[in-house]
Structure formats: structure tokens, C-alpha cells
Amino acid sequence: MAGPTTARRGGGKNGKQPRTRQSPRPPRSGGPPGKAKPRRPRLRLHPRRRRLLGWTAVTVALGAAVGWALYGSSWLRVTHVEVSGTAVLTSGEVRREADVPFGDPLAAVDTDAIADRLRDRLPRIEAVDVERSWPHGISLKVTERQPKAVLEKGGKFIEIDGTGVRFATVDQAPKGVPRLTMAAEDSAATRRFGPERLEREAVRVAVDLPPAVRRDTLAIRVRSYDSITLELTGGRTVVWGSGERGDAKARTLTALLKAARGADHFDVSAPGAPAASGS
């Protein structure tokens with residue numbers, strides 16, 4: 001006897017698979033179930049900010065172009081050197097010792113290094129202005145030291161400027177510059193102050209002299225720190241004393257030379273009580 005027929009496992013009526021109930025889709029994060037995620041609004045720049053970004057880009061581009069023109073191109077490079085202000089030195093000497101790097105970008109030239117080289121190699125140069133002369137040149141404006149006294153040694157003459165710097169040795173003494181005569185080499189004053197200090201005091205006197213008196217001064221003789229005398233043209237002598245109060249002594253000497261034209265010996269070591277004597 002046939003039993004009741006049984007449906008196949010997993011089957012339904014008519015052999016069809018039973019419908020399964022689908023679970024609802026999980027809601028998207030960021031919103032309630034069943035609603036789509038809202039789109040983010042597009043970032044819009046304020047017109048002023050857009051203009052600022054545009055100008056920034058233009059500035060960067062221009063800076064890059066200028067940098068290339070100054071340092072990378074072959075346009076702005078050193079091709080010549082101009083020298084001015086020389087009197088004893090020649091332009092060729094200055095150019096040679098300046099050692100300017102020809103062919104280098106003009107903007108990259110170290111002007112301070114050029115000035116240092118010139119002062120080191122040419123002691124006659126007191127100061128020099130090194131400037132870029134666009135588009136291709138370097139300008140050297142030289143100020144030479146001026147001798148205020150000379151010291152004779154070995155048949156030659158050492159030039160000394162107003163600060164006591166010995167800057168050159170020449171074959172002939174320059175005109176109108178007094179000679180220093182150091183007569184205190186073995187004295188107590190030399191041992192106390194030293195020959196360099198006494199020499200500076202003599203140069204100090206030369207600087208303080210009025211121009212007219214300096215032209216007539218043949219020699220400055222140093223016996224000690226406070227015993228400095230001048231030998232003028234016409235056999236005249238001046239007792240100056242120390243190098244202190246030089247301005248007052250210069251004014252007193254100028255007045256004394258006018259008041260006692262026939263005198264040949266003057267003493268301004270104490271400018272408040274000067275003296276003149278002689279025929």
C-alpha cells in the first residue's frame with residue numbers, strides 16, 4: 001500500500017523552492033534608514049581669495065624668472081671693472097689686486113671680499129667702495145692714505161698717515177711732509193713708552209699743525225714724550241712739548257707767528273703762556 005507522498009527536502013509545492021523573506025538593506029551610515037547620504041557641498045573660493053592665490057602664483061613665477069636671469073643666464077655677468085680715486089696707485093694695480101671674478105653672475109660677486117683684498121694687498125688704500133654697475137660692471141672708488149710724516153731709513157722714506165700707519169716706502173720724500181727725527185732711541189722715555197708710542201705722538205703733532213705751518217715744517221724731533229720740537233724753514237724752531245692739547249697749541253702758534261714775525265724761537269708747550277724770542 002502506497003503511503004502518502006512526501007515533498008522533496010527543501011522543496012515546496014510543485015517542486016518549487018519556497019520564497020525566502022529578504023531582510024531589509026541596512027541603512028547607510030550618516031542618515032536615517034531608507035534615506036540616501038547627502039552630498040557634500042562643493043568648495044567654492046571667495047573671489048578675493050582666488051585673486052590672492054592667482055597673484056601668489058604670478059609672484060612665484062616672476063621670482064623664479066628673476067632668479068634665473070640674475071644667476072642662471074648669461075646676460076648679467078661681470079665683463080669689466082672701473083677704477084676711480086687713484087693718485088699714486090694706477091688703475092691697473094687696483095684691478096690686478098682686486099681680482100674680480102670675470103664671467104661670474106654680477107649679483108653673486110662678493111663685494112666685501114674684494115674690498116678686503118684691496119686693503120690687505122695695497123696698504124696705501126685707506127678705504128674703497130665696491131659697487132655693482134649694472135648690467136656688467138664692478139666700480140671701485142678708492143681713497144688713498146695721505147702721508148702726514150715720513151721717516152727716513154736706509155736712504156728711503158717711510159710714509160706714515162694720520163693714524164700712525166706706515167703704508168708705503170718711497171725713494172723720495174713727498175713735498176710739504178715733515179720728517180720725523182727720533183732722538184730718544186736709548187732714553188728713559190723710549191723704555192717707558194716705546195718707540196712706536198713716541199712715533200705716534202710725533203704724527204699726532206703733525207696732524208694738529210695748521211696747514212700753513214705744516215708746509216713750512218721741515219722736521220719733527222722727538223726727544224721724549226713731552227719734549228717734541230719743530231724745525232721750520234728760515235732756521236726757526238718751535239717747542240711743542242707733548243702731543244696733548246694740540247688744537248690749543250696750533251691756534252697759539254698761528255697767532256704768535258703773526259705777532260712776532262722777526263722771532264726765530266717759539267714756545268707753545270704751555271699754550272696759555274706762550275713765548276717768542278730771537279732777532
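## Exercises on helix packing and salt bridges

In this predicted model, V94, R96, E97 and A98 of helix α2 make contact with I114, R117, L118 and R121 of helix α3. Let's work outward from that contact.

### Exercise 1: the α2–α3 contact

Sort the residues where α2 meets α3 into nonpolar, polar and charged, and count each class.

*Solution.* Start with the residues themselves: α2 brings V94, R96, E97 and A98, while α3 brings I114, R117, L118 and R121. Next, assign the classes: Val, Ala, Ile and Leu count as nonpolar, and Arg and Glu as charged. The tally for the contact is four nonpolar, no polar and four charged residues.

### Exercise 2: the geometry of the pair

Decide which class describes the packing of α2 against α3: roughly parallel, roughly antiparallel, roughly perpendicular or oblique.

*Solution.* Two numbers help here, since packed helices are described by the angle and the distance between their axes. For α2 (residues 91–98) and α3 (residues 111–121), the angle is about 120° and the axes lie 9 Å apart. The roughly perpendicular range runs from 65 to 115 degrees, and roughly antiparallel needs over 145. An angle of about 120° fits neither range, so α2 and α3 are oblique to each other. To finish the description, add the handedness: α2 crosses α3 in a right-handed sense.

### Exercise 3: charges across the contact

Find which side chain of α3 forms a salt bridge with E97, and place the pair in the chain.

*Solution.* Begin with the chemistry: side chains of opposite charge can pair when their charged atoms come close. The partner of E97 is R121, with an N to O distance of 3.8 Å. That value passes the cut-off, which asks for a nitrogen within 4 Å of a carboxyl oxygen. In sequence, E97 in α2 and R121 in α3 are 24 residues apart, so the pair links distant parts of the chain. R121 has a relative accessible area of 40% and is partly exposed. Finally, look for further partners: R96, E97 and R121 are linked in a network of salt bridges.

### Exercise 4: two further bridges

The whole structure has 13 salt bridges. For the pairs E152–R179 and D216–R236, give the distance and the elements that are linked.

*Solution.* Take E152 and R179 to begin with: their side chains meet at 3.5 Å, N to O. E152 sits in strand β4 (residues 149–153) and R179 in strand β7 (residues 179–182), 27 residues apart. Both ends are partly exposed, E152 at 46% relative accessible area and R179 at 36%.

Now turn to D216 and R236, where the closest N and O atoms are 3.8 Å apart. This bridge joins helix α6 (residues 211–216), which holds D216, to the loop between β9 (227–232) and β10 (237–241), which holds R236; the two residues are 20 apart in sequence. D216 is partly exposed, at 32% relative accessibility.

### Exercise 5: buried or exposed?

Classify T111 and A259 as buried or exposed, then set them in the context of the chain.

*Solution.* The cut-offs are under 20% for buried and over 50% for exposed. T111, in helix α3, has 16% relative accessibility and therefore counts as buried. Leaving out residues up to four places away in sequence, T111 touches V130 and R132. A259, in helix α7 (residues 246–259), is exposed at 67%. The C-alpha atoms of A259 and A276 are 9.3 Å apart, with their positions 17 residues apart in sequence. For context, the chain has seven helices and twelve strands, and 32% of its 279 residues count as buried.

Note on methods
Residues numbered from 1 in each chain as written. Predicted model: local features only at pLDDT ≥ 70, side-chain atom pairs only at ≥ 80, totals over all residues. Heavy atoms only, no water. Axes fitted to C-alpha atoms, helices over the stretch in contact; angles between N-to-C directions. Helix = DSSP H or I, 4+ residues; strand = E, 2+ residues; numbered from the N terminus. Parallel < 35°, antiparallel > 145°, perpendicular 65-115°, else oblique. Left-handed = near helix turned anticlockwise from the far one by under 90°. Contact = heavy atoms within 4.5 Å. Buried < 20%, exposed > 50% of the residue type's maximum accessible area, 1.4 Å probe, protein only.
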